Number of protein chains: 2
Amino acid sequence: MSIDLETTKAWQSLHITSRTLIEQVEAAFKKADLPSLSWYDALWEIEKAGDGGIRPNALIPQLLLPQYQTSRLLDRLVNARLIDRVVCDEDRRGCRAVITQKGKEMRARMWTIYAQCLDDLVQKKLGKDERATLARLLNKLR
Amino acid sequence: MSIDLETTKAWQSLHITSRTLIEQVEAAFKKADLPSLSWYDALWEIEKAGDGGIRPNALIPQLLLPQYQTSRLLDRLVNARLIDRVVCDEDRRGCRAVITQKGKEMRARMWTIYAQCLDDLVQKKLGKDERATLARLLNKLR
DNA sequence: ACCAGATATATGCAATTGCATCAATATTGA
DNA sequence: TCAATATTGATGCAATTGCATATATCTGGT
């Protein structure tokens, strides 16, 4: 087993690109006085879940976060009045995360920035076919 | 400006793939009772610099870390006796990070695990041409 | 030589993470 | 039914990060 140059290059560009692009999005959020990407991701999943909200444990695989991080991210969102932790009737160990009106507004505000970034950082830089090829190759790695 | 599906898919798979693969490498290091990827990266850059060592500020662009993180990573490496912080004659504000024998051994030990991961996670999953294409597309994004 | 920046690095402090574990409730199987 | 086990979610504590700033040294212009 020996690692060739293509492997090294692919590995490096994968992580460098991911980090660099995320940093740019985070910087854009910060510049607009908005919270970070992880808040966006959580708000979006919670908003998509609708009025019934979503259980924290269902959020974990979506956000790819460990349980304790998810719990604490929810703490912060509650604290910022962007979501409510509602009691869960069918399982009283748990709760449901439900987005508030303020949360919806925040997510929408963040999306305008995020979408602009996605356009600048990805959509303008690769053709449609290239974007599809990239996604296909990446998906072979997971 | 509107974001299409290929863009979203490419964006998601980029970050999910990067995170997932890194987690797998970190897990392999942890399982082998070895420190984390950031230690490896730093040790490798410092080892490549040879006996003269490398200035922390030259390490920053290599590691893509902020200055204070670099400084503290060096603290930990010194603490673990994997590098020395040597006084720098030509600029006494600074120092030079020089790898120790123990550091070299650690890096080599980590590489056996790391290389195995790269083989399993990348080299076996994509053909040579696919790896090259992936790197090329990713590099268009930075 | 001297002073006004600029640069290299370190560090105090608050926020966040990771880990282990806890408390509460649910489920299973005898 | 009930004890054993599993699952959900939160939390104390130590380690790490992020930010702002401090300290020491260097450099360029006068």
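Biologist: What rotation superposes chain B on chain A?

Modeller: This is a predicted model. Two copies of a chain are related by a rotation about an axis and a shift along it. Here the shift along the axis is 0.0 Å and the RMSD is 0.0 Å, and this is the relation of a two-fold axis. The rotation is 180°.

Biologist: What percentage of the contact residues of chain B recur in chain A?

Modeller: The same surface serves both copies. The share of chain B contact residues that recur in chain A is 100%.

Biologist: Which element gives the largest share of the surface near DNA strand C?

Modeller: Three helices each supply at least two residues there: H4 (67-79) of chain A, and H3 (56-63) and H4 (67-79) of chain B. Among the residues that come nearest to strand C are Tyr68(B) and Ser71(B). The largest share, 5 residues, comes from H4(B).

Biologist: Which element gives the most to the surface near DNA strand D?

Modeller: Of the 19 residues around strand D, those that come nearest are Asn57(A), Tyr68(A), Ser71(A), Gly94(A) and Arg92(B). Helix H3 (56-63) and H4 of chain A, together with H4 of chain B, give two or more residues each. With 5 residues, the element that gives the most is H4(A).

Biologist: How many charged residues does the surface near DNA strand C have?

Modeller: There are 20 residues around strand C. By class, 6 are nonpolar and 5 are polar. The charged residues number 9.

Biologist: How far apart are the end C-alpha atoms of H4(B)?

Modeller: H4(B) has 13 residues, and at 1.5 Å a residue it should span 18 Å. The distance in the model agrees with that expectation: the end C-alpha atoms are 18 Å apart.

Biologist: Within what arc do the buried residues of H4(B) fall?

Modeller: An α-helix has 3.6 residues a turn, so residues three or four places apart point the same way. In H4(B) the buried residues are Thr70(B), Leu73(B) and Leu77(B). Seen down the helix axis they line one face, because they fall within an arc of 65°.

Biologist: Which residues are exposed on the other side of H4(B)?

Modeller: The buried residues of H4(B) have cover that includes helix H2 (37-48), H3 and strand E1 (83-87) of chain B. On the other side of H4(B), the exposed residues are Tyr68(B), Arg72(B), Asp75(B) and Asn79(B).

Biologist: Which residue takes a positive phi just after H4(B)?

Modeller: The phi in question is about 60°. The residue that takes this value just after H4(B) is Arg81(B).

Terms used:
Residues numbered from 1 in each chain as written. Chains lettered and ligands numbered in written order. Predicted model: local features only at pLDDT ≥ 70, side-chain atom pairs only at ≥ 80, totals over all residues. Near = placed C-beta within 6 Å. Helix = DSSP H or I, 4+ residues; strand = E, 2+ residues; numbered from the N terminus. Nonpolar A, V, L, I, M, F, W, Y, C, P; charged D, E, K, R; others polar. Least-squares fit on C-alpha atoms with pLDDT ≥ 70 in both. Contact = placed C-beta atoms within 7 Å. Expected span 1.5 Å × (residues − 1). Buried ≥ 20, exposed ≤ 12 C-beta atoms within 10 Å, placed from the backbone. Arc of directions from axis to C-beta.
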